[in-house]
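Take a look at the model below. Some short questions and answers on its fold come after it.

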Amino acid sequence: MERSQVVGIMGACALALGVFAPIGSPPIFESQTLFGNGAADGTIVLAAAAIAFFLSLRRKYRWLLLPGFAALGVVVWNFIAVLNAVSARESQIADDMAGNPFAGLGAVAAGAKELEWGWALLGIGIGLLIGASMLGRGDQESETTGNTKRCPFCGKEIVVEAIQCEHCGKILKG
Ligand SMILES: [Zn+2]
């Protein structure tokens, strides 16, 4: 298997797992995963992962940017929403703890607790898909250059489809 295919399939799997991985906890999230978090966000990312998997199998690496960026958009959008919710909660906690010398510490602890490792998995998946798309460009180029044979008369490299050698001009059999 080609590097780009391996990387693409790994990216699709990481993304699909990331949809079901914990990304936070209530009350900031309706559920602990992107998939259960209302809206169609989890479904979009899961569909993007499925498309990326299929594209990798079919070796259409250049198209991996499409599901990659679709997933990136949804994930970034959700992440911003989470950060907003976390900072809103932090200021609420800070209000509750007004006068308490440990207020700052409480806010930091509350903020860090809301974020789970699912974000890392989603990020890795998206990164791998975009990486596979970049790698795929190189693999597809080497495939075109590998599409040659040696002329039996002069020994120089010519394209497989050639019926006449471009170097020595001899006619080659079918
Ligand atoms: Zn030749």
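The turns below cover the fold, the core and one helix pair of this predicted model.

Q: Which pattern of helices and strands does the chain follow along its sequence?
A: The chain holds 5 helices and 2 strands. Read in sequence order, the pattern is α-α-α-α-α-β-β.

Q: What percentage of the residues in the chain is buried?
A: The chain has 174 residues. The buried share is 25%.

Q: Which helix gives the largest share of the largest nonpolar core?
A: This core has 27 residues. At least two residues each come from α1 (3-20), α2 (41-57), α3 (65-96) and α5 (118-145). The largest share is 7 residues, and its source is α5.

Q: Which residues does Ala71 touch, leaving out those up to four places away in sequence?
A: Ala71 is one of the core residues that touch the most other members, along with Leu15, Val45 and Ala52. With residues up to four places away set aside, Ala71 touches Leu15, Val45, Ala48 and Ile126.

Q: Are α1 and α2 roughly parallel or roughly antiparallel?
A: Their axes come within 8 Å and cross at roughly 160°. The crossing is left-handed. Angles over 145 degrees count as roughly antiparallel. The pair α1 and α2 is therefore roughly antiparallel.

Q: How many nonpolar, polar and charged residues form the contact of α1 with α2?
A: From α1 come, among them, Ile9, Leu15 and Val19. On the α2 side, the residues include Val45, Ala52 and Phe53. The contact divides into 12 nonpolar, 5 polar and no charged.

Technical notes
Residues are numbered from 1 along each chain as its sequence is written. This is a predicted model: local features need pLDDT of at least 70, side-chain atom pairs count only at pLDDT 80 or more; totals for chains, interfaces and linings use all residues. A nonpolar core is a set of buried Ala, Val, Leu, Ile, Met, Phe, Trp, Tyr and Cys residues joined through C-beta atoms within 7 Å. A residue is buried if 20 or more other C-beta atoms lie within 10 Å of its own, exposed if 12 or fewer, and partly exposed in between; C-beta atoms are placed from the backbone. Helices (H or I, at least four residues) and strands (E, at least two) are DSSP runs, numbered from the N terminus. Two residues are in contact if their C-beta atoms, placed from the backbone, lie within 7 Å. Axes are lines fitted to C-alpha atoms, for helices over the stretch in contact, and angles run from 0 to 180 degrees between N-to-C directions. Angles under 35 degrees count as roughly parallel, over 145 as roughly antiparallel, 65 to 115 as roughly perpendicular and the rest as oblique. A crossing is left-handed if the near helix is turned anticlockwise from the far one by less than a right angle, and right-handed if clockwise. Ala, Val, Leu, Ile, Met, Phe, Trp, Tyr, Cys and Pro count as nonpolar, Asp, Glu, Lys and Arg as charged, and the others, Gly among them, as polar.
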